[in-house]
Amino acid sequence: MKAASLHAAWRDLPLAPLPIIAPGTALILAPHADDESLGCGGLIAACCRAGCPPMVVIVTDGAASHPHSRQWPAVRLREQRRQEALRALTCLGLGPERVVFLDQPDAATAHEGPVFDHLVRDLAGLAVQHGCSTVFAPSRLDPHCDHEAVWKMGLALHHHHALALLTYPVWGWLVGAETELDLAPPVGMRLDITPYRALKAHAVSQHESQYGGLITDDPTGFSLPASLLAALITDFEVFLAP
């Protein structure tokens, strides 16, 4: 299957109501501050509106997005990204008491081993503490090391801690159209986020360090591409079966 066909199939997945996609309390895993808004902003807003606010976990500290900036060294950037995430989630209706920062090293999240196992145990404990029944993790097709690591965490919670798992694509939307993927047709659902689209766009805009206008002394720094924003700030969000 070419990536273009996969993207078309994602766009054609059936719409499902919120209680089917997120029964009970959701545990949303975001590799970086901004992924929670990009991949699940509509879901978060819908859960909050329904009176069932999710728990959101930001796994990495986000300090590697502008490695050569003198004005924004890691300590300053880490705090900036934390505050951006809190502002974004406030836009979506989620209070800071529902947000957890794991502060793992950006671009170096553990994929296995003792640190990975410790993180999974902590996440399982968090799920029990807050009565979470479904974990949302990045899609395994997201071509980024941190996204892959957090997908593995979601899979471990699914297999070893009895949490239902759905995944959400972020960078997977930008896989080249002609790329051949050894995949079966996707299984999943879409959530209609039309009522929350503007909220989601506002939430994503809170991540100003990732737009290229705030940090100007590192030409190698990260900037959210317009094509990614166009793919994700739309009328639906995609959630895939593992």
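User: What makes helix 3 count as mostly covered?

Analyst: Of the 15 residues in helix 3, 14 are buried. Buried means under 20% relative accessible area, exposed means over 50%, and partly exposed lies in between (1.4 Å probe, protein chains only). Helices here are DSSP runs of H or I with at least four residues, strands are runs of E with at least two, and both are numbered from the N terminus.

User: What kind of model is this, and how are residues numbered?

Analyst: The model is predicted: local features need pLDDT of at least 70 and side-chain atom pairs count only at pLDDT 80 or more, while totals for chains, interfaces and linings use all residues. Residues are numbered from 1 along each chain as its sequence is written, and side-chain values use heavy atoms, with hydrogens and water left out.

User: How do you know that the length of helix 3 agrees with its number of residues?

Analyst: The expected span is 1.5 Å times one less than the number of residues. Helix 3 covers residues 35-49, which is 15 residues, so it should span 21 Å. Its end C-alpha atoms are 20 Å apart, and that agrees.

User: Where is the kink in helix 3 centred?

Analyst: The kink is centred on G41 and is about 75 degrees. The bend at a residue is the angle between two axes, one fitted to the seven residues ending there and one to the seven starting there. After helix 3 comes G51, with a positive phi near 80 degrees.

User: Why is A45 called buried?

Analyst: A45 sits in helix 3. Its relative accessibility is 3%, so A45 counts as buried. The C-alpha atoms of A45 and R197 are 9.4 Å apart, although 152 residues separate them along the chain.

User: What is notable about the phi of D34?

Analyst: D34 has a positive phi, near 125 degrees, and is not a glycine. Most residues other than glycine have a negative phi. D34 lies in the loop between strand 1 (25-30) and helix 3. At 5% relative accessibility, D34 counts as buried. A33 is found in the loop between strand 1 and helix 3. It is buried too, because its relative accessibility is 4%. The C-alpha atoms of A33 and G62 are separated by 6.7 Å, with their positions 29 residues apart along the chain.

User: Is A107 buried or partly exposed, and how do you know?

Analyst: A107 has 44% relative accessibility, so it counts as partly exposed. Its place is the loop between strand 3 (99-104) and helix 5 (113-130). Its phi is positive, near 70 degrees, in a residue other than glycine.

User: Why is V56 classed as it is?

Analyst: V56 has a relative accessible area of 0%, so it is buried. V56 belongs to strand 2 (residues 55-60). Its C-alpha atom is 27 Å from that of G213, 157 residues away along the chain.

User: How do you know that strand 6 and strand 7 pair?

Analyst: Two strands pair if DSSP finds at least two bridges between them. Strand 6 (residues 188-192) and strand 7 have five bridges, in the antiparallel sense. Among them, G188 is bridged to L240, and D192 to F236.

User: What makes strand 6 largely enclosed, and how is strand 7 covered?

Analyst: Four of the five residues of strand 6 are buried, so the rest of the structure largely encloses it. In strand 7 (residues 236-240), five of five are buried. F236, V238 and L240 point one way from strand 7, while E237 and F239 point the other way.

User: What makes a space a pocket?

Analyst: The search uses a 1 Å grid over the protein atoms alone. A pocket is an open set of points with protein on both sides within 12 Å along at least five of seven lines, and lining residues have an atom within 4 Å of a point. The largest pocket has a volume of about 290 Å³. A volume is the space filled by probe spheres set on the points, which are joined across faces, edges and corners.

User: Which residues line the largest pocket?

Analyst: It has 15 lining residues, and R140, L183, L240, A241 and P242 lie nearest its centre. The lining has 12 nonpolar residues, two polar and one charged. Ala, Val, Leu, Ile, Met, Phe, Trp, Tyr, Cys and Pro count as nonpolar, Asp, Glu, Lys and Arg as charged, and the others, Gly among them, as polar.

How values were computed: On a 1 Å grid over the protein atoms alone, a cavity is a set of points where a 1.4 Å probe fits but cannot get out, and a pocket is an open set with protein on both sides within 12 Å along at least five of seven lines; lining residues have an atom within 4 Å of a point.
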